[in-house]
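Here are some exercises to work through with the structure open beside you. Try each task before you read its solution.

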Amino acid sequence: MMPAISREEQFQRAYRIVEVARQKSRYYGERYKDLGEIRTYEDWLRIPFMTHDALYNHTYPRSLAMLTMPVEGMVVTSTGGSSGFARYGVLTYDEWDAFVRVQAEALKLMGITSTDLVANLFVAGSLWPSFFSLHEVLKEVGAVHLPISANIEIDRILAYILEFKPTVLLSLPTVFVFLADKIIQQKLNVSHVRMIGYAGEHMSENIRKHLRNAFGEDVQIRALAYTSADCGLMGYQCDQCDAKVYHVPTDFQFIEIYNFEEDRICDSGEPGEVVVTNLARVSFPIIRYRVGDLATWQTSPCLCGDRNPTLSLGGRAGDDFKLGGAFISMSTVEKAIAPFVSRDGISANYQLEVEDISENKMRIVLRIESSDIENSKRRVKEIEESMKHRIDEIKVGEDLGYITFEVHFVELGALPRSPITGKVKRLKDKRVEEAQP
Ligand SMILES: [Zn+2]
């Protein structure tokens with residue numbers, strides 16, 4: 001079981017990190033110089049929040065200002081830059097080992113054992129830690145590691161899967177969707193896969209359904225962990241956790257859920273933004289960092305008996321787009337597409353592009369990957385209707401002539417992937433991108 005410590009012990013460790021940070025890091029020294037003593041939680045609440053931008057501007061190799069020690073005996077990792085530019089972090093090897101142990105414990109809790117044959121299908125390279133960290137994590141679990149990666153052709157990945165017959169596959173939802181498309185298209189038998197473990201992206205109900213169509217109804221689909229490349233593992237799941245619910249490893253991270261509109265800590269049961277202080281990292285302290293995720297503390301303890309509290313994740317802040325004054329959630333788009341996925345070659349990998357084409361005209365294009373484009377095209381009208389039925393703003397905009405909306409099918413693998421993480425960006429809002437150079 002994952003170690004659990006009390007809130008009081010968490011504060012004690014968090015205060016110590018703040019003290020080291022202000023004494024030894026130029027950045028924190030300057031930022032915290034007027035804070036005074038941090039002794040109680042009341043004091044703690046005065047500590048300013050850290051943003052993505054601060055991390056980007058003050059981190060190695062751009063600056064040494066955040067570090068509390070010289071750069072030696074460390075590993076450098078990247079966040080992948082999927083939410084803007086890449087940010088980098090450093091960990092001493094001891095801190096790295098702590099990160100590996102927590103991740104290994106999470107895999108054991110998922111039920112992965114030494115008898116499992118585990119296919120590692122993350123993207124390697126570009127300082128992205130998922131692929132190479134899994135080797136050490138699986139070594140700690142004692143499982144058999146198949147370091148296949150997602151950097152190679154999808155057909156070669158499939159060939160390895162058919163040859164070695166792994167029991168567990170670990171990767172991103174984008175990669176699993178691609179595999180499922182191929183498996184359905186070629187009617188392959190992959191019944192040896194008992195578990196799919198994902199990380200890095202949200203796994204929608206659409207994708208789950210699509211994976212069950214490919215891998216069989218009985219395949220277990222589990223979140224590998226709730227992690228961020230900036231802070232490491234922030235949540236893990238037990239048998240009792242629903243898809244979006246995670247135990248917080250209190251021994252490793254101090255998590256607060258904050259209401260930024262009202263500038264206060266959220267009560268349990270009340271949604272807010274995740275703010276994290278890493279308790280195991282001193283070389284490059286992460287203190288009160290706004291991760292960008294929304295979550296809610298669960299009001300009752302988990303039935304599994306683990307003392308670590310649980311939170312329910314509620315998507316990323318900003319995972320929606322504005323249309324005619326309304327905010328449209330990407331989950332609405334998911335629902336509109338849901339009835340068509342896995343049928344007629346239609347994939348669960350798609351991208352919605354929103355763009356201003358002139359002063360008063362907007363173009364919205366939904367591109368969906370397909371293993372059989374001719375066949376999928378027969379569904380274009382129905383998908384358009386389903387979208388307009390759920391998103392009234394598109395229907396009204398089209399009727400009034402200021403929105404054009406199109407559905408296109410593209411080859412499997414044709415949507416642009418992040419070269420670092422391998423993720424498909426589901427929303428490409430060019431209006432927002434242009435406003436943020
Ligand atoms: Zn539990």
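**Exercise 1. Find how strands S18 and S19 pair, parallel or antiparallel, and then follow the sheet on to S20.**

Step 1. Locate strand S18 at residues 346–358 and strand S19 at residues 361–370; they pair in the antiparallel sense over 9 bridges. Strands here are DSSP runs of E with at least two residues, helices are runs of H or I with at least four, and both are numbered from the N terminus. Two strands count as paired if DSSP finds at least two bridges between them.

Step 2. Look at the turn: S18 and S19 form a hairpin with 2 residues between them. Ser358 has Lys361 in S19 as its bridge partner.

Step 3. Move on to strand S20 (residues 403–411), which pairs with S19 in the parallel sense, again through 9 bridges. Here Arg367 has His408 in S20 as its bridge partner.

A word on the model before you go on: it is predicted, so local features need pLDDT of at least 70 and side-chain atom pairs count only at pLDDT 80 or more, while totals for chains, interfaces and linings use all residues. Residues are numbered from 1 along each chain as its sequence is written.

**Exercise 2. Trace the chain from S5 to S7 and give the handedness of each crossover.**

Step 1. Start with strand S5 (residues 168–171) and strand S6 (residues 195–198), which pair in the parallel sense over 4 bridges. Leu169 finds its bridge partner, Ile196, in S6.

Step 2. Between S5 and S6 the chain passes through helix H8 (residues 173–186), and this β-α-β crossover is right-handed. Right-handed is meant as follows: with the strands pointing away from the viewer, the path from the first strand over the helix to the second runs clockwise.

Step 3. Next, S6 and strand S7 (residues 220–223) run parallel, joined by 4 bridges. Met195 stands opposite Gln220 in S7. The connection from S6 to S7 goes through helix H9 (residues 205–215), and this β-α-β crossover is right-handed.

**Exercise 3. Check the backbone at Pro61, Ser126 and Lys165, and say where each residue sits.**

Step 1. Recall the usual case: most residues other than glycine have a negative phi, and most peptide bonds are trans.

Step 2. The peptide bond from Tyr60 to Pro61 is cis, with omega near 0°. Pro61 belongs to the loop between helix H4 (52–57) and strand S1 (74–78).

Step 3. Ser126 has a positive phi, near 55°. You will find Ser126 in the loop between strand S3 (117–120) and helix H6 (129–141). It is partly exposed, because 14 other C-beta atoms lie within 10 Å. The cut-offs, with C-beta atoms placed from the backbone, are 20 or more other C-beta atoms within 10 Å for buried, 12 or fewer for exposed, and anything in between for partly exposed.

Step 4. Lys165 also has a positive phi, of about 50°, and lies in the loop between helix H7 (154–164) and S5. With 13 C-beta neighbours inside 10 Å, Lys165 is partly exposed.

**Exercise 4. Which residues touch the most other members of the largest nonpolar core?**

Step 1. A nonpolar core is a set of buried Ala, Val, Leu, Ile, Met, Phe, Trp, Tyr and Cys residues joined through C-beta atoms within 7 Å. In soluble globular proteins, nonpolar side chains tend to be buried together.

Step 2. The largest core has 112 residues, and Leu121 and Val276 touch the most other members.

Step 3. List the contacts of Val276, leaving aside neighbours within four places in sequence: Cys231, Met234, Gln253, Ile255, Ile286, Tyr289 and Val291. A contact means that two C-beta atoms, placed from the backbone, lie within 7 Å.

**Exercise 5. Is Asp263 buried or exposed?**

Step 1. Find Asp263 in the loop between strand S11 (253–259) and strand S12 (264–265).

Step 2. Count the other C-beta atoms within 10 Å: there are 8, so Asp263 is exposed.

Step 3. Now relate Asp263 to Tyr402, 139 residues apart along the chain: their C-alpha atoms are separated by 38 Å.
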